[in-house]
Amino acid sequence: MTEHDRSASPQTSSIQQLRTTLNGGRVITPGDASFDEARTIFYGGFDRQPAAIVRVRDASDVSQVVSLARENGLELAIKSGGHSLAGHSTTDGGIVLDLSEMKDLQIDLSGRTAWAQTGLTAGEYTAATAAHGLATGFGDTASVGIGGITLGGGVGYLVRKHGLTIDDVLAAEIVTADGELLKVDSESHPELFWAIRGGGGNFGVATRFKFRLHKLSSIVGGMLVLPASPETIASFIAEAQAAPEELSTIANVMVAPPMPFLPQEVHGELIILAMMVYAGEDVDEGERVIAPFRALAEPIVDMLKPMPYPQIYPPEEGDYHPTAVGRTMFLDSVDLAEAETIVEYLSTSEAPMRVAQLRVLGGAMARVSAQATAFAHRSAAIMANVAAFYEATEERAARERWAREFEEALRQGEGNKGDGVYVNFLGEEGEGRVRGAYPGSTWEKLVEIKGRYDPTNLFRLNHNIPPAIGQKETSDG
Ligand SMILES: Cc1cc2nc3c(=O)[nH]c(=O)nc-3n(C[C@H](O)[C@H](O)[C@H](O)COP(=O)(O)OP(=O)(O)OC[C@H]3O[C@@H](n4cnc5c(N)ncnc54)[C@H](O)[C@@H]3O)c2cc1C
């Protein structure tokens, strides 16, 4: 297509027209000063050139963009926080619906709920609700968007105490493929409400969520760094499983990077960099609960202390765009044998940074039935992610091979159980891996609901659930 053809195409004139019809939103196209900044996502390695990025301001803008993409056959990428590991929030030649300027937050203090627009990040939401001593759990990183993390499940520092992020979703507003804005909850469109709690961006654009808020003004927690050996890794996991569910932990077993907060003599050595949150009311009890972790070995760094909850999110560099590959899985146990495997793989990789991240689950997350939402891995004991960073593109294949072999060495269980994955930690890994996120009847139900709400698969730039063929486009509300 020549430059002239492109400027004259019906898509281009429809995009141009949007500039006059949007309700406050902005259209950014190639050549605009902010285009390069606007097309950048968190992960490096995705150098895509959208035809346009539309920074929407409200649900009616969203509806217009959805309709434009549908009518013009344009690939549609949805971007909230831009942290997709698979690069799904950008597109070559399509349109990016960018929600990052939709940041309204309405807190109902007496009802302990909040209506939050999906352009908010986890950090922004957490800071605003913490001002009232209230919190909803998201993940471990402030800059992750509440849009993507919530639709996939949401596993974070309150997972054992309050469950997944979706367990605190009381309602949502969704713009569906036909451009209609639906309010969904347990009464209205209950099947769509079920599907968006774990099923990702397959069913429409979430413009707002209504979250439950929990009382949480301060925590006991922060960072604890220990030397990593098979014994300390296995003991850390055993302690995390034995701890009361007020405590959620994320143990990053990794080669110590040359960072100023780590003493020089450990740089290059294997460490457990653990992030811990005790979300109970009593500070003394919190100190008692974390004491066994401090006793596992002489801590290299001990920053565990009482603190306001938002401080668990360390400051981030705005211009950090890592290139990495990873594999996600669920494990039943990490005993000495698994811990030895972890040490062996981390010791043999040449990647500048490589990590095995272990999250002990259970507690409130496990008390929700596997059928209650589209996230079915409720009984998983541990979530593990292994990842390797790379610099040059030529290194990628070797890093991927390492990650796959590492995963195979750790995997436990057969069939659905052994193949289980957390959708939000998937890269572009093929259909079989997406199936692993939705075991058994969850998949069939999602396919059926997809067929009803998005029969032409307009929302396909995601971990895709293909629509059931021949499904009528009727709502269940
Ligand atoms: C550094 C880092 C740390 C992470 N830590 C955690 C963690 O602790 N716990 C955890 O559970 N996950 C974690 N994740 C994974 C994270 O939940 C997913 O990457 C998530 O998709 C990011 O959401 P986002 O809005 O930032 O991403 P985006 O790239 O904007 O969106 C990702 C995809 O989600 C869908 N989507 C996003 N917003 C909407 C919307 N409003 N409507 C419809 N579809 C939408 C789209 O399909 C989109 O392609 C982490 C990721 C990174 C990069």
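**Exercise 1. Determine which side chain of the neighbouring strand residues makes a polar contact with the side chain of Q357, and at what distance.**

Step 1. The side chain of Q357 makes a polar contact with the side chain of R359, at 3.1 Å. A polar contact is a pair of N or O atoms within 3.5 Å; within protein, one must be able to donate a hydrogen and the other to accept it, and residues adjacent in sequence count only if both atoms are side-chain atoms.

Step 2. The side chain of N252 is also in polar contact with the side chain of Q357, at 2.9 Å.

Step 3. Q357 belongs to strand β18, residues 354-360. Helices (H or I, at least four residues) and strands (E, at least two) are DSSP runs, numbered from the N terminus.

Step 4. Q357 counts as buried because its relative accessibility is 11%. Buried means under 20% relative accessible area, exposed over 50%, and partly exposed in between (1.4 Å probe, protein chains only).The model is predicted: local features need pLDDT of at least 70, side-chain atom pairs count only at pLDDT 80 or more, and totals for chains, interfaces and linings use all residues. Residues are numbered from 1 along each chain as its sequence is written, and side-chain values use heavy atoms, with hydrogens and water left out.

**Exercise 2. Place R399 in the secondary structure and find which backbone oxygen its side chain reaches.**

Step 1. Helix α12, residues 396-410, contains R399.

Step 2. R399 is buried, because its relative accessible area is 11%.

Step 3. The backbone oxygen of F389 is reached by the side chain of R399 at 3.3 Å.

**Exercise 3. Describe the shell around the ligand by residue count, class and secondary structure.**

Step 1. The ligand is surrounded by 35 residues, and the closest are S80, G82, S89, V155 and Y422. A residue is near a molecule or strand if one of its heavy atoms lies within 4 Å of it.

Step 2. Sorted by class, the shell has 14 nonpolar, 18 polar and 3 charged residues. Ala, Val, Leu, Ile, Met, Phe, Trp, Tyr, Cys and Pro count as nonpolar, Asp, Glu, Lys and Arg as charged, and the others, Gly among them, as polar.

Step 3. At least two residues of the shell come from each of β3 (76-79), α6 (146-152) and β10 (205-212). The largest share, 4 residues, is supplied by α6.

**Exercise 4. List the distances from ligand oxygen atoms to I78, Y422 and N424, then state how much of the ligand area the protein buries.**

Step 1. For Y422, an N or O atom in the side chain is 2.6 Å from an oxygen atom of the ligand.

Step 2. For N424, an N or O atom in the side chain is 3.3 Å from an oxygen atom of the ligand.

Step 3. For I78, a polar backbone atom is 3.5 Å from an oxygen atom of the ligand.

Step 4. The ligand exposes 950 Å² when taken alone, and the protein buries 94% of that. Accessible areas come from the Shrake-Rupley method with a 1.4 Å probe; for residues, only the protein chains shown count as cover.

**Exercise 5. Give the geometry of the aromatic pairs F42 with Y43 and Y125 with F138.**

Step 1. A pair of aromatic rings is described by the distance of the centres and the angle of the planes. Rings of Phe, Tyr and Trp (its six-membered ring) pair if their centres lie within 6.5 Å; planes under 30 degrees apart count as stacked, over 60 as edge-to-face and the rest as tilted.

Step 2. The structure holds 12 aromatic pairs. In one of them, F42 and Y43 are edge-to-face, with 5.0 Å between centres and 85° between planes. F42 counts as buried because its relative accessibility is 17%.

Step 3. Y125 and F138 are also edge-to-face, at 5.0 Å centre to centre and 80° between the planes. This pair links distant parts of the chain, 13 residues apart: Y125 is in helix α5 (residues 122-130), and F138 is in the loop between β7 (134-135) and α6.

Step 4. Y125 is buried, with a relative accessible area of 0%, and F138 is buried at 1%. One aromatic cluster is formed by Y125, F138, F209 and F211.

**Exercise 6. Find the charged groups over the rings of F193 and W194.**

Step 1. A charge sits over a ring if NZ of Lys or CZ of Arg is within 6 Å of the ring centre and within 35 degrees of the ring normal.

Step 2. Over the ring of F193 sits the charged end of R197, 3.8 Å from the ring centre.

Step 3. Over the face of W194 lies K445, at 4.1 Å from the ring centre.

**Exercise 7. Locate R112 and H189, and report phi and burial for each.**

Step 1. R112 has phi near 50°, a positive value in a residue other than glycine. The loop between β5 (105-108) and β6 (113-117) holds R112. R112 counts as partly exposed because its relative accessibility is 36%.

Step 2. H189 has phi near 55°, again a positive value in a residue other than glycine. The loop between β9 (181-184) and α8 (190-196) holds H189. H189 is buried, with a relative accessible area of 9%.
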